[in-house]
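Visitor: I should like to learn how to read a protein structure. Could you guide me through one, feature by feature?

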Amino acid sequence: MMIWTMNKISIIILLLITVLVGGQSCGERTLIRHYYILEASEDSLKPLQDSLNSNGICEIIRVQIPPAYNQQRIAVRRRSHEISYYQYHYWAMSPADNLTTLIEKAIRRSQLFTFASSGNLNKVPDCQISSQVYKLEVEDINDQFQVSLEMRMEFIEYSSGN
């Protein structure tokens with residue numbers, strides 16, 4: 001007959017805990033989140049040579065995006081009537097802020113106006129640019145991500161509303 005002492009029981013319990021914790025950590029995978037940002041190609045950001053160079057001030061209104069697309073999760077359409085979201089791929093910033101910044105950068109580089117901003121202006125602007133996104137989805141083609149964007153932009157003359 002084997003006599004179990006408190007010392008032997010403690011060692012066995014310690015070994016069991018070590019095996020359970022060690023074995024469980026070996027089976028875990030480290031999941032990495034990937035973050036993406038929308039950027040324009042360098043060619044599209046080159047200043048226009050035949051720009052109008054007006055002396056006006058342009059206000060860029062924050063881009064409006066439906067809630068299904070204006071979130072950190074990236075939407076992907078796998079079927080015509082179904083939107084899914086990637087589990088480990090996220091936008092680095094909100095799509096509305098990202099697109100507003102892109103538009104502002106493009107307008108500034110175009111040198112069409114003396115001043116263009118999406119922030120608060122001290123003066124009444126000469127014109128406004130408003131944008132509305134209808135679709136912002138990612139297409140995964142042969143492990144190459146491409147953004148599918150459908151949007152409408154309006155150039156509004158502030159004084160007349162045209």
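Guide: The turns below take up confidence, folding pattern, strands, core and rings. Please keep in mind that this is a predicted model.

Visitor: What is the mean pLDDT of the protein, and where is confidence lowest and highest?

Guide: The mean pLDDT of the protein is 82, and 85% of its residues reach 70 or more. Confidence is lowest in helix α1 (residues 6-26), where the mean is 70. It is highest in strand β2 (residues 57-60), at 92.

Visitor: How many helices and strands does the protein have, and what pattern do they follow?

Guide: There are two helices and seven strands. Read along the sequence, they give the pattern α-β-β-β-β-α-β-β-β. Contacts add to this picture: among those with a separation of 6 or more, 66% join residues 24 or more positions apart.

Visitor: In which sense does β4 pair with β3, and in which with β1?

Guide: Strand β3 (residues 73-79) runs antiparallel to β4, and the two share five bridges. Ala75 stands opposite Tyr85 in this pairing. The two strands form a hairpin, with two residues between them. Strand β1 (residues 34-36), by contrast, pairs with β4 (residues 82-91) in the parallel sense, over three bridges. Here Tyr35 has Tyr90 as its bridge partner.

Visitor: How should I read the side chains along a strand?

Guide: In a regular strand, side chains alternate between the two faces of the sheet. As one case, consider Tyr88, which lies in strand β4. Tyr88 counts as partly exposed because its relative accessibility is 30%. Leaving aside residues up to four places away in sequence, Tyr88 touches Leu31, Ile32, Arg33 and His34. The C-alpha atoms of Tyr88 and Tyr35 are 8.5 Å apart, although 53 residues separate the two along the chain.

Visitor: Is Ser131 buried or exposed?

Guide: Ser131 has a relative accessible area of 5%, so it is buried. Its place is in strand β6 (residues 127-141). Among the residues that Ser131 touches are Arg62, Val63, Ile103 and Met151. In the protein as a whole, buried residues make up 27% of the 162 residues.

Visitor: Which residues of the largest nonpolar core touch the most other members?

Guide: The general idea is that in soluble globular proteins, nonpolar side chains tend to be buried together. In this structure the largest nonpolar core has 23 residues, of which Ile65, Leu99 and Ile107 touch the most other members. The elements that give two or more residues to this core are β2, β3, β4, α2 and β6. Beyond residues up to four places away in sequence, Ile107 touches Ile60, Leu112, Phe113, Ala116 and Ile129.

Visitor: How many aromatic pairs does the structure hold?

Guide: A pair of aromatic rings is described by the distance of the centres and the angle of the planes. The structure holds two aromatic pairs. The rings of Phe113 and Phe155 have centres 6.2 Å apart and planes at 25°, so this pair is stacked. Phe113 lies in the loop between α2 (95-110) and β5 (115-117), whereas Phe155 lies in strand β7 (residues 144-157); the pair therefore ties together parts that are 42 residues apart in sequence. Phe113 is buried, because its relative accessible area, 17%, is under 20%.

Visitor: Which ring does the charged end of Arg73 sit over?

Guide: The charged end of Arg73 sits over the ring of Tyr85, 3.9 Å from its centre. Tyr85 is the residue already met opposite Ala75.

Definitions and conventions: Residues numbered from 1 in each chain as written. Predicted model: local features only at pLDDT ≥ 70, side-chain atom pairs only at ≥ 80, totals over all residues. Heavy atoms only, no water. Pairing = 2+ DSSP bridges. Helix = DSSP H or I, 4+ residues; strand = E, 2+ residues; numbered from the N terminus. Phe/Tyr/Trp six-rings, centres within 6.5 Å; stacked < 30°, edge-to-face > 60°. Buried < 20%, exposed > 50% of the residue type's maximum accessible area, 1.4 Å probe, protein only. Lys NZ or Arg CZ within 6 Å of the ring centre and 35° of its normal. pLDDT = per-residue confidence, 0-100. Contact = heavy atoms within 4.5 Å. Core = buried A, V, L, I, M, F, W, Y, C linked by side-chain atoms within 4.5 Å.
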